[in-house]
Amino acid sequence: MKVTVIGAGNVGATAAECVARKDMVQEVVMVDIEEGMPQGKALDMMESAPVHGFDTTIVGTNEYGPTEGSDVCIITAGLPRKPGMSRDDLLAKNAEIVGGVTSQYASGSPDSTIIVVSNPLDVMTYVAFQESGFDPNRVMGMAGVLDTARYRSFIAMELGVSVRDIQALLMGGHGDTMVPLPRYTTVGGIPITELLDDATIEGIVERTKGGGGEIVDMMGTSAWYAPGAASAEMTESIVKDSGRVLPAAAYCDGEYGLNDLFIGVPVRLGAHGVEEIIEVDLNDEEMDLMKTSADHVQSNLDDLQRLKDEGEIG
Ligand code: NAI
Ligand code: 2OP
């Protein structure tokens, strides 16, 4: 088994290290345009293997040859946001980057699964889908695992319980319109609505929606530890064919009344990528939030198409 990570910056290098530390694949290949950087990070990680106790080989490169025959590819290439920027501000530049790296990667690993991380997430996942020509189940975006992890962390902090006992579901696009679902959140099997009052839950939901921005404001660029770990968790379910049920930006073809877009929904992840989109029952209010989120993703897709029509993006 081989995992490629494109973009060896903060998120990419962390994802590569998290995958390697799971000791579940023979090789991790990190690709970046910056010369020497992926090679240096790969060597540094290899030198940590005796301490961590993994046997995965990590290769750093500026070429796509070493990626050939990959099983999973995590795309993190692109610009991160800075204070004052929204994820949407990255649209044009990152569409060029994600489109370019996808087409260079896809022909050498035609049977692989792509996990997109670059922002704006839901639209970049669509770009990778179009450029790769892969079946829709073979392309997905990572955001829900991260956003749910933030949500679970905040609940654990509030209740003083172990994060391991918190199960939660969060849907929608990766942005301010994401849809946390307290009705589908439990602590050791107990609905969160039995443990926290409405105002506290609402506060946690709002903090989760702004979780990425909270960190950007603190350190001037976006997060990487939790995003890297989340990408590795999705990768693990694919390479081990575990069938984990996780939120991912998946291609909707009628599910939740949505068509021809990628958006966060609960999926079963296995060797074939997205093996099933699970349609949970949403009440009217939750469905309205999902619709608003989908409208936002669609408007970004429309902007992307306009930029292409105007020749701003190749
Ligand atoms: P970074 O700047 O640390 O790393 C990006 C890397 O991409 C750099 O090393 C750069 O040299 C490389 N790169 C740029 N163009 C390339 C190309 N054509 N081919 C190969 N490599 C190329 O940024 P960071 O923090 O790692 O973030 C990466 C992306 O992930 C950003 O778009 C960010 O917004 C997004 N992100 C998404 C999250 C999510 O939940 N989906 C969470 C965190 C970040
Ligand atoms: C995050 O949520 C910026 O999407 C990135 O941390």
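## Ligand 1 and its contacts

Leu79 places a backbone N or O atom 2.7 Å from an oxygen atom of ligand 1. Please keep in mind as you read that this is a predicted model. Right beside Leu79 in the numbering, Gly78 also takes part, with a backbone N or O atom 3.5 Å from an oxygen atom of ligand 1. The ligand's nitrogen chemistry comes in at Met142: a polar backbone atom of this residue is 2.8 Å from a nitrogen atom of ligand 1.

How much of ligand 1 does the protein bury? On its own the ligand exposes 860 Å², and 88% of that is buried by the protein. There are 26 residues around ligand 1, and those that come nearest are Asn10, Val11, Asp32, Leu79 and Met142. Leu79 and Met142 therefore appear both in that nearest group and among the backbone contacts, at 2.7 Å and 2.8 Å.## Strand S4 and its neighbours

Strand S4 covers residues 72-75. In a regular strand the side chains alternate between the two faces of the sheet. Are the two faces of S4 buried or exposed? Both are covered: Val72 and Ile74 are buried on one side, and Cys73 and Ile75 are buried on the other.

S4 has a partner in strand S1, residues 2-6, and the two pair in the parallel sense over four bridges. Within this pairing, Ile6 stands opposite Ile75. Strand S5, residues 113-116, also runs parallel to S4 and is joined to S4 by four bridges. Here Val72 of S4 stands opposite Thr113 of S5. Helix H3, residues 91-106, completes the picture, as S4, H3 and S5 make a right-handed β-α-β unit.

## The cysteines

If you are wondering about disulfides, a search of the whole structure finds zero. A disulfide is a covalent bond between the sulfur atoms of two cysteines. For Cys18, the nearest cysteine sulfur belongs to Cys73 and is 16 Å away, whereas a disulfide needs two sulfur atoms within 2.5 Å. The reverse holds for Cys73, whose nearest cysteine sulfur is that of Cys18, again 16 Å away.

How do their surroundings compare? Cys18 is partly exposed, with a relative accessible area of 22%. Cys73, in strand S4, is buried, with a relative accessible area of 0%.

## Ligand 2 and its contacts

Which residues are around ligand 2? They are Arg81, Arg87, Asn119, Leu146, Arg150, His174, Gly212, Ser222 and Ala223. Side chains supply several polar contacts here. A polar side-chain atom of His174 lies 2.7 Å from an oxygen atom of ligand 2. Asn119 has a polar side-chain atom 2.8 Å from an oxygen atom of the ligand, and an N or O atom in the side chain of Arg150 is 2.8 Å from an oxygen atom of ligand 2.

Taken by itself, ligand 2 has 220 Å² of accessible area, and the protein covers 93% of that.

## Leu269 in strand S13

Further along the chain, Leu269 is found in strand S13, residues 259-270. Leu269 is buried, with a relative accessible area of 1%. In sequence Leu269 and Arg244 are 25 residues apart, yet their C-alpha atoms are 5.4 Å apart in space.

Methods: Residues are numbered from 1 along each chain as its sequence is written. Chains are lettered from A and ligands numbered from 1 in the order in which they are written. This is a predicted model: local features need pLDDT of at least 70, side-chain atom pairs count only at pLDDT 80 or more; totals for chains, interfaces and linings use all residues. Side-chain values use heavy atoms; hydrogens and water are left out. Buried means under 20% relative accessible area, exposed over 50%, partly exposed in between (1.4 Å probe, protein chains only). Two strands pair if DSSP finds at least two bridges between them. A crossover is right-handed if, with the strands pointing away from the viewer, the path from the first strand over the helix to the second runs clockwise. A residue is near a molecule or strand if one of its heavy atoms lies within 4 Å of it. A polar contact is a pair of N or O atoms within 3.5 Å; within protein, one must be able to donate a hydrogen and the other to accept it, and residues adjacent in sequence count only if both atoms are side-chain atoms. Accessible areas come from the Shrake-Rupley method with a 1.4 Å probe; for residues, only the protein chains shown count as cover.
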